[in-house]
Amino acid sequence: MTSEPFTLVVDCGGTGIKASVLDVAGTPHAPVARVATPYPLPPERFAETVVGLCDELPPAQRATVGMPGMVRRGVVLATPHYVKRHGPRSSADPELVAAWKGFDIQALLTTELGIETLVLNDAQVHGAGVVSGTGVELVLTLGTGLGWALFAGGRLAPHLEMSQAPFTRATTYDSYIGEPERVRLGDGLWSRRVRRVVEHLRPVVMWDRLYLGGGNSRRITPTALQRLGDDVVVVPNAAGIVGGVRAWTMPH
């Protein structure tokens, strides 16, 4: 066994799950393995899917798993997508809601993977890969919905599910700038919405730096990005994998 642990990092989204194995420097030692997120998805099937995906990868001594939702100390309080019958934007299944609520997914994955496992919100893992560790830093991930992670001096703040907060009387942040709206509006109008969200959050958080990540961050138009200001930076989606190594050394 290597003296410095290799980390299995799994980035779980509403439509896809991807994984790789990295060394302590964050260098991948295998191509990223991917699979579509299956539905319906009770906790046991989720763990089964993660384990099956990781069977394709080299051995690791620890694992980091980022998943959408409110996760505290490895226990899921709520998850927005995995309780749906047929995936994001479909109706919720009461049995899945009950199955996920209070489920210790960290304990199950530790057992199933056979290595020590850290489970965090996916935006928190993404943020671990990009924050500088100074000042107040906010990470927003743009993908199926909206992810949120706040850091102060490099320390993770308690997680807030801002995606589920109302943005207008009729919509949440999640539904306002999630993937269905980007597809419906096109990148130009959707980018204006992203800008509006940023300006709504600015006086609330008063960050030193805001990072925009996730698969859709690259779709923000140059005009909208320029108007967001110098304190807003677009970061690569690969941070969701690289952050899985740094997450082990960051204070929670």
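## The largest nonpolar core

Welcome to this predicted model. Its largest nonpolar core holds 32 residues, and those that touch the most other members are Leu8, Val10, Cys12, Phe46, Met67 and Leu109. Several elements each supply two or more residues to this core: strands S1 (7–12), S2 (16–22) and S4 (62–67), together with helices H1, H2 (94–100) and H3. The biggest share comes from H1, which gives six residues.

## A look around Leu8

Let us pause at Leu8, one of the residues that touch the most other core members. What is Leu8 in contact with, leaving aside its neighbours within four places in sequence? The list is Ala19, Ser20, Val21, Cys54, Leu57, Ala60, Arg62, Ala63, Thr64 and Leu113.

Apart from the largest core lies another one, of 23 residues. Among its members are Leu140, Trp190, Val197 and Val198.

## Where H1 meets H3

Now for two of the helices that feed the largest core. The axes of H1 (residues 43–54) and H3 (residues 105–113) come within 10 Å of each other, crossing at roughly 40 degrees. Because of that angle, H1 is oblique to H3. Their crossing is right-handed.

On the H1 side, the contact is made by Pro43, Glu44, Phe46, Ala47, Val50, Val51 and Cys54. H3 brings Ile105, Leu108, Leu109, Glu112 and Leu113. What classes of residue make up this contact? Ten are nonpolar and two are charged, with no polar residues. Two names here may look familiar: Phe46 and Leu109 are also among the residues that touch the most other members of the largest core.

Key. Residues are numbered from 1 along each chain as its sequence is written. This is a predicted model: local features need pLDDT of at least 70, side-chain atom pairs count only at pLDDT 80 or more; totals for chains, interfaces and linings use all residues. Side-chain values use heavy atoms; hydrogens and water are left out. Axes are lines fitted to C-alpha atoms, for helices over the stretch in contact, and angles run from 0 to 180 degrees between N-to-C directions. Helices (H or I, at least four residues) and strands (E, at least two) are DSSP runs, numbered from the N terminus. Angles under 35 degrees count as roughly parallel, over 145 as roughly antiparallel, 65 to 115 as roughly perpendicular and the rest as oblique. A crossing is left-handed if the near helix is turned anticlockwise from the far one by less than a right angle, and right-handed if clockwise. Contact means heavy atoms within 4.5 Å. Ala, Val, Leu, Ile, Met, Phe, Trp, Tyr, Cys and Pro count as nonpolar, Asp, Glu, Lys and Arg as charged, and the others, Gly among them, as polar. A nonpolar core is a set of buried Ala, Val, Leu, Ile, Met, Phe, Trp, Tyr and Cys residues joined through side-chain atoms within 4.5 Å. Buried means under 20% relative accessible area, exposed over 50%, partly exposed in between (1.4 Å probe, protein chains only).
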